[in-house]
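Biologist: I am new to this structure and would be grateful for a close look at a single part of it. Please begin with how that part packs against its surroundings, and then place it beside other local features.

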Amino acid sequence: MRKTTKTILAALVSLPVISATAAASYRIGAPFPGTVTATTYYSSGAFHGAVDLSSGKCNYWGVETGLVGSISWNVTIRTTGIVCYGSGSGNQNEVKHTFADDHVFRQWHFIKDADSYDRTCDRCQIGNEGGTGNVTGPHTHMQYDRYGTNNTSWYSGTSKGEFLSRGETVGYIQ
Amino acid sequence: MTRPLLRMNPRPRLPALALAACLLAPALAAAQPSTADGAPALKARTCSVEGLMDSIRRGLHSNSEAYKTYLRTLLRESAVKLPLAELQAAFEREQDPALVEHLAAALVARTERGLEPAAMQAVAKRALDDPNPGLRAATVRALRRTGALEHTGDLYQRLVRDASPEVRMEAATNLVEDNLHVYGGHDGPAADSAVAAAATSSDPKVTAHILGQLMTGEISTGSAHKIEQLLHNDSVEVRAAASAALGGVPAAEAPSARASLVSLYYDESDPTVRKSILQSIARLGYASAVPELQRLRSVDPSLGSEIDSWIQILNKNPQDWGLILREKQKQQAR
């Protein structure tokens with residue numbers, strides 16, 4: 001009996017989706033199950049200012065938009081075809097939402113598929129995990145910026161090496 | 001329908017919230033009488049639309065707004081795993097406005113999560129057709145901050161003409177909040193829909209509510225002209241809101257908007273509208289608006305200090321409207 005109660009409570013506590021903070025800001029969920037491979041700095045010490053998430057697989061089905069809530073998304077396809085290990089700097093496929101205060105939330109590097117088009121939705125499929133643009137391997141890069149400056153505070157609870165299941169909280173914005 | 005969610009969704013990666021829906025009922029039941037050894041007596045429950053609605057019915061009496069939000073989110077998040085027919089049937093027979101809003105939000109969530117557009121359309125239909133204005137208003141609220149503008153045709157143009165002022169105002173709030181929060185104020189068609197609804201409504205409060213808060217930076221030429229026409233509305237609040245809205249129009253529409261505003265300034269007698277016009281002239285021209293503002297100084301001496309205030313700020317040549325507005329607010333506070 002006690003074990004059952006503990007299981008219930010543990011499951012409820014582990015539900016970030018319905019935390020009280022979600023009401024006051026936008027929650028960002030992991031777009032697919034994967035491991036955080038970089039946050040503010042790369043292992044080299046170079047600035048990154050975003051969260052990289054990788055499942056270790058290329059063309060892995062179903063990169064979702066991370067923002068929880070109905071949001072309009074703008075998709076830019078710069079590379080077609082299945083690219084896993086880079087197609088050159090600036091050639092990443094991108095999905096982004098621009099907020100009223102000009103902050104932008106972006107996700108990069110996915111492989112284009114039939115779902116890669118502009119639309120308004122809540123956690124929609126936008127492509128497959130890939131390596132378009134300037135990368136060394138397939139992953140999704142999640143960035144929140146304004147006027148060219150990356151915000152690094154939104155993912156403060158997420159660490160490099162951490163595994164995130166699909167939809168698990170990466171951070172909060174606004 | 002009382003099948004457990006687990007059975008309906010046999011995939012191994014069960015979403016956390018669907019799981020929560022199953023777990024919530026026993027957790028609540030823990031408050032029931034204890035067993036002889038002191039442990040709470042758990043009561044077996046299944047997960048269903050009815051089960052969730054029972055939880056929400058109980059939760060509505062809670063003093064905790066956070067708990068109510070939790071329940072609303074729980075149903076909305078679980079909606080994609082619940083059977084559409086059962087959800088829709090529950091929505092259609094429900095008569096309590098609070099529960100109608102929850103069920104409508106759950107149906108809308110299905111469409112927003114990529115499932116059937118028909119779910120949102122069922123909500124839109126009730127928003128238009130239900131004979132009870134309270135239920136229509138609740139249903140309209142459930143469409144707030146969603147992509148309803150893209151899925152429901154001329155819904156909002158019809159809602160702003162609803163017989164009930166409550167429904168009309170809820171629709172206006174949706175248009176404002178959808179534009180701001182779903183589209184970030186950067187979507188031309190969404191803003192055009194809001195302008196069309198504002199122009200269609202004969203309720204001055206609705207028109208003013210929409211235009212007073214809408215970001216108009218992406219609107220079409222046609223929408224800009226519609227707002228210009230509203231400058232001649234009989235209502236002071238509509239004229240003030242239309243004046244404010246014209247301050248943010250795209251650069252291509254600025255000359256026409258500026259001319260309309262200046263023309264109205266000469267004919268207008270209400271000081272609130274005149275202040276709104278001055279602000280929009282400043283916004284459209286920044287430093288280049290100074291000569292125009294100087295010419296307007298003689299029209300109404302009582303607004304001389306207001307014009308001087310704008311001229312003083314604009315002569316500093318700031319390049320960001322937010323900074324200009326902040327400076328103006330500082331001056332007003334002094």
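Modeller: In this predicted model, the buried residues of helix H12 of chain B pack against five other helices of that chain: H9, H10 (155-159), H11 (165-182), H13 (204-213) and H14 (221-230). The residues of H12(B) that are buried are Ala190(B), Ala191(B), Ser193(B), Ala194(B), Val195(B), Ala197(B), Ala198(B) and Ala199(B). An α-helix has 3.6 residues a turn, so residues three or four places apart point the same way. The length of H12(B) can also be checked. The helix comprises 13 residues, from 188 to 200, and at 1.5 Å a residue it should span 18 Å; the C-alpha atoms at its ends are 18 Å apart, so expectation and model agree.

One of the packing partners, H9 of chain B, leads to a loop with an unusual backbone angle. Helix H8 (133-142) and helix H9 (148-151) of chain B are joined by a loop that contains Arg145(B). Although Arg145(B) is not a glycine, its phi is positive, at about 55°. Arg145(B) counts as partly exposed because it has 16 C-beta neighbours inside 10 Å, whereas a buried residue would need 20 or more. A similar description applies to Tyr286(B), in the loop between helix H17 (271-285) and helix H18 (290-296) of chain B. Tyr286(B) has a positive phi near 50° and is not a glycine either. Tyr286(B) is partly exposed, because 16 other C-beta atoms lie within 10 Å.

Chain A offers another setting, with one helix and 13 strands. The helix comes at the N-terminal end of the order of elements, and the strands follow. Of the 174 residues in chain A, 41% are buried. Among the contacts in chain A with a separation of 6 or more, 70% join residues 24 or more positions apart.

Strand E10 of chain A, residues 140-146, is mostly covered, with five of its seven residues buried. E10(A) pairs in the antiparallel sense with strand E3(A), residues 51-54, over three bridges, and Val51(A) stands opposite Met142(A) there. A further antiparallel pairing, over five bridges, links E10(A) to strand E7(A), residues 104-108; the bridge partner of Phe105(A) in E10(A) is Tyr144(A). In a regular strand the side chains alternate between the two faces of the sheet. E10(A) also pairs with strand E11(A), residues 149-150, in the antiparallel sense over two bridges, with Arg146(A) opposite Thr149(A). The hairpin of E10(A) and E11(A) has two residues between its strands, and Tyr147(A) in this hairpin takes a positive phi near 50°.

On the other side of E10(A) in sequence, the loop between strand E9 (125-129) and E10 of chain A holds Gly133(A). Gly133(A) is buried because 21 other C-beta atoms lie within 10 Å. Setting aside residues up to four places away in sequence, Gly133(A) touches several residues, among them Gly86(A), Ser87(A), Gln92(A), Trp108(A) and His109(A). Gly133(A) and Asn93(A), 40 residues apart in sequence, have C-alpha atoms 7.1 Å apart in space.

Notes:
Residues are numbered from 1 along each chain as its sequence is written. Chains are lettered from A and ligands numbered from 1 in the order in which they are written. This is a predicted model: local features need pLDDT of at least 70, side-chain atom pairs count only at pLDDT 80 or more; totals for chains, interfaces and linings use all residues. Helices (H or I, at least four residues) and strands (E, at least two) are DSSP runs, numbered from the N terminus. A residue is buried if 20 or more other C-beta atoms lie within 10 Å of its own, exposed if 12 or fewer, and partly exposed in between; C-beta atoms are placed from the backbone. Two residues are in contact if their C-beta atoms, placed from the backbone, lie within 7 Å. Two strands pair if DSSP finds at least two bridges between them. The expected span of a helix is 1.5 Å times one less than its number of residues.
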